[in-house]
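Have a look at the fold below before reading on. The report then walks through a sheet, the helices beside it and some aromatic rings.

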Amino acid sequence: MKSANITPIRMDRIDDYLHGRGFLRMLPKRQLVVAVCYGIFRIATATVWPYFLYRYLKSDALPSPVVLVLGVLAVVLLFVGSGVASYRQSLININLLHAFSGRLTQRIWQKMNGLDWLTFHRKSRVYYFDMLMVEAWRLRGGMGALLEVLVVNSIIAGALIVFIAFVSLPLFLACLGALILPSGLHVYSMRRQRPYIQHFHAAWRAQHHWVSKSVDQFDLIKMGRGYAESARQHGEQTDRFLQSNARKLRQQSRWRVVNQLASNFVRVGIFLLGIYWLQTGRVQLDELLVVLLLVSIVQSNLMQLPGAANQFMEGQDAARTLAAFFDLQEEQVEQASNNDHQAIERLSIKDMSYQYDDNVGIAALDLDLRRGNIYLWQGRNGSGKSTAAHVLLGLLKPQQGSLSINGKPADWNVLKTLRARFGFLDQDSPIFMGSIKENAVFGHHQPRQAWADLGTSWLSGLLPGGSRLADRQVGERGEGLSGGEAKRIALIRELLRSYEMLILDEPLNHLDEHTISILKRELIQLKQHAIIVIISHQPGFETLADEIVSF
């Protein structure tokens, strides 16, 4: 779709819509004016051609053939013009929504990656998938319904109703009452259905979470474990989901029947009232015919409003969900100062404590890390080794303690600005869906050169066996690789970069003896230019460590 000439929706005003203050102020003025002009033309067309028809019906004699042909041609041109205007208006709306959706999803992505580390990990993968795909799409649908249907169709219906008043005031009053009754019933029915629709969306999210969880159970089930329990949970979760869907559909069906009955009764009532007024001479036949025609057109426009209104309310629900997402705590990273760019020779921590919400963490920790040394951290599970590593990386901020860098006191927030100069191998090595090359050089400032240099480096010995490794694809979370292959690729990704501090959290997991011996040998060379921290339960690094820290 070509949208190069479309001014984008102003993302600095996106919160106006997300917080319920309306999104029309966000729209670029030029596109909005053009769209309004097309809409006005459509509205004028919808009212002009009934006027021609009414004038011919009111005349005492039939028009001449020439006048009749000219009138028909004029109406045809109006219809064609209205169709063209409708199409052009839709193109503008589509381009506006295209630009808006791209910027909205970009903002969601930026927000997700800007979240505080702990805030991010308290949510699941499914949550962020819903934000990027489901809620963004629901919001787009709501905006589309407002632009395409709610505004224009409501104005056209209102203009035709006003024209009915010009034709016949009694019929106008009757039609107005007849339209208000089913419209009010539609609004009432939508309000009654809304809780069931919202409950269904909540059930859909729960089912989405369950499906993600059940997929992760595949390997266990293949080993003959937990099949019955997983099947039971699947049945219960799916039954709740289907029951919620059934309740929503029953409500929609019930109110659809009620609304159809009310509309039919109103139509019959208007027709009978019109016949009665026709017989008593209160209205004329030509007036009744024109009004009945206009009422059918008005109803065709109004019939599209309930569905569009429901889409708009879906968009409002999505906007509230997105507003809550945008309110999540973000990480605040200040711009690095000149002192932050100095090489890190020494990093010291005194009396540092960090506690999670459940009071688990570390207390009164002292560390003194110097370049050129290897530090081995040991301790039982949950003793705080990984938490201390996350503090060093600026991912967690301690509740108390002091930090100094190169002998000078520093604020804990400085560690955030230094993070890009650190290397970190997490115990759960992040391997994403894509090629081995993408994973190995991800985040490198010169990925092509890094991949070329890898071929002549000792790191090439860590690559998996086989040919065409650059194009070899791996699945989600490294599916298709062994645990050792995934760990080695993660090692390559960190060691290809330059760093001043390298933290290896459980680096021996899944590695074979040959790889371990290579890694030990190279760490002795690597420590000359960096602080190296190794977190490990397994023996093997004691002889390399310059200092062993017990947690």
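Which residue is the bridge partner of tryptophan 377 in β10? Isoleucine 535 takes that place. Please keep in mind throughout that this is a predicted model.

**The sheet**

Strand β3 is a good place to start. The strand covers residues 374–378 and is joined to β10 (residues 531–535) by 4 bridges, the two running parallel. Besides the bridge between tryptophan 377 and isoleucine 535, tyrosine 375 stands opposite valine 533 in β10. On β11, β3 pairs over another set of bridges, 4 in number and again in the parallel sense. Here tryptophan 377 stands opposite valine 549. Tryptophan 377 thus has partners in β10 and in β11.

These strands belong to an open sheet of 5 strands, with parallel pairing and the order β6-β9-β10-β3-β11. At its edges are β6 (422–425) and β11 (547–550), each of which pairs on one side only. From one strand to the next, the twist averages 15°. As for β3, 4 of its 5 residues are buried, which leaves the strand mostly covered.

**Helices across the sheet**

Two helices lie across strands of this sheet. Helix α11 (residues 385–392) lies across β3, β6, β9 (501–505) and β10, and runs at about 140° to β3. Helix α15 (residues 483–495) lies across β6 and β9, and its angle to β6 is about 175°.

It is worth staying with α15 for a moment. Its 13 residues reach 18 Å from the first C-alpha to the last, close to the 18 Å expected at 1.5 Å a residue. Is this helix largely enclosed or largely open? Because 12 of its 13 residues are buried, α15 is largely enclosed by the rest of the structure. The buried residues include the charged-type names Glu485, Lys487, Arg488, Arg493 and Glu494, along with Ile489, Leu491 and Ile492. The cover over these buried residues includes β6, α13 (436–441), α14 (447–454), β9 and α16 (513–526).

**Aromatic rings**

The count of aromatic pairs comes to 11. Two of the pairs are set side by side here.

| Pair | Centre to centre | Angle between planes | Arrangement |
|---|---|---|---|
| Tyrosine 127 and phenylalanine 325 | 6.2 Å | 55° | tilted |
| Tryptophan 377 and phenylalanine 551 | 5.2 Å | 50° | tilted |

Why does the pair of tyrosine 127 and phenylalanine 325 tie together parts that are 198 residues apart in sequence? Tyrosine 127 lies in helix α5 (residues 125–167), whereas phenylalanine 325 lies in helix α10 (residues 304–326), so the pair spans that separation. Tyrosine 127 has 17% relative accessibility and counts as buried, because the cut-off for buried is under 20%. Phenylalanine 325 is buried too, with a relative accessible area of 0%.

The pair of tryptophan 377 and phenylalanine 551 also links distant parts of the chain. Tryptophan 377 is in strand β3 and phenylalanine 551 is in the segment after β11, 174 residues apart. Tryptophan 377 is buried, at a relative accessible area of 0%, while phenylalanine 551 counts as partly exposed, at 25%.

Back at tyrosine 127, ring pairs extend the picture: Phe120, Tyr127, Tyr128, Phe325 and Phe326 are linked into a cluster. Two positively placed side chains can be added to that cluster's surroundings. Arginine 107 lies over the face of phenylalanine 326, 4.3 Å from the ring centre. Lysine 123 has its charged end over the ring of tyrosine 127, at 4.6 Å from the centre.

**Two residues in other helices**

Histidine 208 has its place in helix α6 (residues 169–216). Which residues does histidine 208 contact, leaving aside its neighbours within four places in sequence? The contacts are Val126, Phe129 and Asp130. Histidine 208 and glutamine 237 are 29 residues apart in sequence, and 10.0 Å separates them from C-alpha to C-alpha.

Leucine 273 lies in helix α8 (residues 227–280) and counts as partly exposed, at 30% relative accessibility. Between leucine 273 and alanine 174 there are 8.5 Å in space, C-alpha to C-alpha, although they are 99 residues apart in sequence.

Technical notes: Residues are numbered from 1 along each chain as its sequence is written. This is a predicted model: local features need pLDDT of at least 70, side-chain atom pairs count only at pLDDT 80 or more; totals for chains, interfaces and linings use all residues. Side-chain values use heavy atoms; hydrogens and water are left out. Two strands pair if DSSP finds at least two bridges between them. Axes are lines fitted to C-alpha atoms, for helices over the stretch in contact, and angles run from 0 to 180 degrees between N-to-C directions. Contact means heavy atoms within 4.5 Å. Rings of Phe, Tyr and Trp (its six-membered ring) pair if their centres lie within 6.5 Å; planes under 30 degrees apart count as stacked, over 60 as edge-to-face and the rest as tilted. Buried means under 20% relative accessible area, exposed over 50%, partly exposed in between (1.4 Å probe, protein chains only). A charge sits over a ring if NZ of Lys or CZ of Arg is within 6 Å of the ring centre and within 35 degrees of the ring normal. The expected span of a helix is 1.5 Å times one less than its number of residues.
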